[in-house]
There are 2 protein chains.
Amino acid sequence: MPELRKDPIIGRWVIISVERAMRPNDFKVSHAEDGEEDFCPFCEGHEDHTPPEIFAMRRPGSERNKPGWDTRVVPSISGRFTIHGNLERRGIGMYDVMNPIGAHEVIIESPTHYIDISQMDVDKLELALDTAVLRIVDLERDQRFKYCLLFKNHGARAGGSKTTRHVRSQIIATPVTPTRVKEELRGSRIYYQYKERCLFCDIIRQELESGIRVVVDSMHMVAITPFASRFPFEIWILPKKHCADFINIQRDELKDLARVMKIVFSKLYKGLNDPPYNYMLHTAPFRREKRSGYWLTIKEDYHWHIEVTPRITQVAGFEWGSGFYINPTPPEDAAKYLREIDVTI
Amino acid sequence: MPELRKDPIIGRWVIISVERAMRPNDFKVSHAEDGEEDFCPFCEGHEDHTPPEIFAMRRPGSERNKPGWDTRVVPSISGRFTIHGNLERRGIGMYDVMNPIGAHEVIIESPTHYIDISQMDVDKLELALDTAVLRIVDLERDQRFKYCLLFKNHGARAGGSKTTRHVRSQIIATPVTPTRVKEELRGSRIYYQYKERCLFCDIIRQELESGIRVVVDSMHMVAITPFASRFPFEIWILPKKHCADFINIQRDELKDLARVMKIVFSKLYKGLNDPPYNYMLHTAPFRREKRSGYWLTIKEDYHWHIEVTPRITQVAGFEWGSGFYINPTPPEDAAKYLREIDVTI
């Protein structure tokens, strides 16, 4: 019989099939590598095929927009946001409109044409994470922005490009706090007010004690399949030490995060045959401390983490209309399967 | 330049491309009809290939689970919910679990093997809607249920079956109110408390006045592309007269709804070449009137409606992680395009 499980953060219910559970081989995983690749604008040497770089980690003596870099950040050509102008919020009758002030940047994570971070060396992955931290710190200085989302779309079914697969992540800085983030903040604040403990710290404690949903347990990080996983093989990576803002990550934690990501994505690549996936960094919004009466709790009631969601099932009308997910693979089975996949890093 | 628009109900922001807008021909719409059909268990004469019927609109003299019906309701074979047993809610450490008490039913909307409701006659479509009303009324009697979702998955990209395409909708009754519904109720309640008017009635008034997002304006119903549409060609169908509960729909309204649905889905079928889509009925939860201190507003602060969402773009990491949607087609363009598609019904 399935089980209804409640997500402790935002109160979302998930139906988990615990008997007729789907094993990895039951899924017809549409392989992420599903496009014919042509010329790659993100490879080293092709710098003139992207907009001018915003930032790059360059080797000594190399020039801007020329070869000689480890990571490179360029504006997205999607044209969804504009970095220029002042925020203007206005009404159209009862509706609210804003001009699209924001930033949309592409972090090219490697000069080599890898297609997945599992193919990168841990020290290179650390540079990619370093780059993300530096970009978020820089964007946070812009008083117009309230939130910054770091994410990756890998494979066409996860919204990635079919023809340009070069390993990269994206950053979008927005002038409003997105609803999904607000829900999480609200949920974790209510828990904190009641328990005077961080919700995520409690989750980590319970998961490490039971062990059944742990995928990787390292010095500073833990990767788990969450209790109320919405998707098969959903994985969250959390720092063990309480920390609300990703940008406050310490060097040894960042090194460990790179290592854990290498392990997690290698397990997904090997165990699910390079599945399409998204990951998203959930971190505290900018300038939370400025809200009156709120100062004392800012460091206590939120906990940054990375949510990894493979896209191997189809979300249908019921999920969209209700926010009530159906997951055919128990997270305990997913964690066991992923733990047993041997990867050498 | 794009525009940031706020959904007035749940406060979600959507980025709408108003300049580099995508027209219908820009989408590589994956046609909904994408599977090889085999034997259909839902066609008249194949009654012994489904579980025994829960309900049917039968012609005089016909027998249960035999031919001679207009609509037929059978339990879903997905096995996600069980109708038997008592609700048991328990904790596992800090987590919450419930047994999967619920109902999951399939409404076979026609004895003929149509694949889309646009192919059905209006009077037959009315019988299908009648059937939905009767099933919701019946499920509402069950004290264990809090909500009932009526929805349709059309085409594989919308979560529909690839091989069995017989026209049908589904009903799921749940022992908890889903988060997405709670968000809408919260948003519309806040608006009502402030304005003492129904949020949806105000939306309808403004839309009918401006006309630019109206797709169909009929006697009792209006179909619009919402101001902050998440998806290209998203359409909402609302009753003009205020009504919180779908089951309180009057006969003339139901007849008109069938007609408007026939028009809307014919326009989608013709204009977007049978796109995959979902629709979901959003109606008030069961037994709202029983909550103390809440009685007076139950008929005022919510308004049932049907949300139709074609699945012609891919939702990516940014949307999933933020609840912040990117829509490449302005609803004004979508409404104009749909208005101009000539359909005869």
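**Fold of chain A, its interface with chain B, and packing within chain B**

In the predicted model, the secondary structure of chain A amounts to six helices and 15 strands. The radius of gyration of chain A is 20 Å, close to the 20 Å that the globule rule gives for 345 residues, so chain A is as compact as a globular protein of that length. Measured out along its principal axes, the C-alpha trace of chain A spans about 60 × 50 × 45 Å. Of the 345 residues in this chain, 50% count as buried, and among its contacts with a separation of 6 or more, 70% are accounted for by residues 24 or more positions apart.

The association of the two chains brings 55 residues of chain A into contact with 55 residues of chain B. On the side of chain A that touches chain B, the largest share, five residues, is contributed by helix α5 (residues 317-322) of chain A, and the composition of that side by class is 28 nonpolar, 17 polar and ten charged residues. Strand pairing also links the two chains, in that strand β6 (residues 95-98) of chain A and strand β1 (residues 3-6) of chain B pair in the antiparallel sense over three bridges. Within these strands, Asp96(A) stands opposite Lys6(B) of β1(B).

In chain B, ten strands form an open sheet with antiparallel pairing, in the order β3-β4-β7-β9-β8-β13-β14-β12-β11-β10. The edge strands of this sheet are β3 (55-58) and β10 (214-217) of chain B, each of which pairs on one side only, and the twist from one strand to the next averages 15°. At the β3 edge, four bridges join β3(B) to the antiparallel strand β4 (residues 69-75) of chain B, and Arg58(B) is found opposite Trp69(B) in β4(B).

Helix packing in chain B is illustrated by helix α1 (residues 122-140) and helix α4 (residues 251-271), which pack at an angle of about 115° with their axes 8 Å apart. The crossing of α1(B) and α4(B) is right-handed. From α1(B) the contact draws on Val122(B), Leu125(B), Glu126(B), Leu129(B) and Asp130(B), while α4(B) supplies Leu254(B), Lys255(B), Leu257(B), Ala258(B), Arg259(B), Met261(B) and Lys262(B). Divided by class, the residues of this contact between α1(B) and α4(B) comprise seven nonpolar and five charged, with no polar residue.

How values were computed:
Residues numbered from 1 in each chain as written. Chains lettered and ligands numbered in written order. Predicted model: local features only at pLDDT ≥ 70, side-chain atom pairs only at ≥ 80, totals over all residues. Axes fitted to C-alpha atoms, helices over the stretch in contact; angles between N-to-C directions. Left-handed = near helix turned anticlockwise from the far one by under 90°. Contact = placed C-beta atoms within 7 Å. Nonpolar A, V, L, I, M, F, W, Y, C, P; charged D, E, K, R; others polar. Pairing = 2+ DSSP bridges. Rg over C-alpha atoms; globule rule 2.2 N^0.38 Å. Buried ≥ 20, exposed ≤ 12 C-beta atoms within 10 Å, placed from the backbone.
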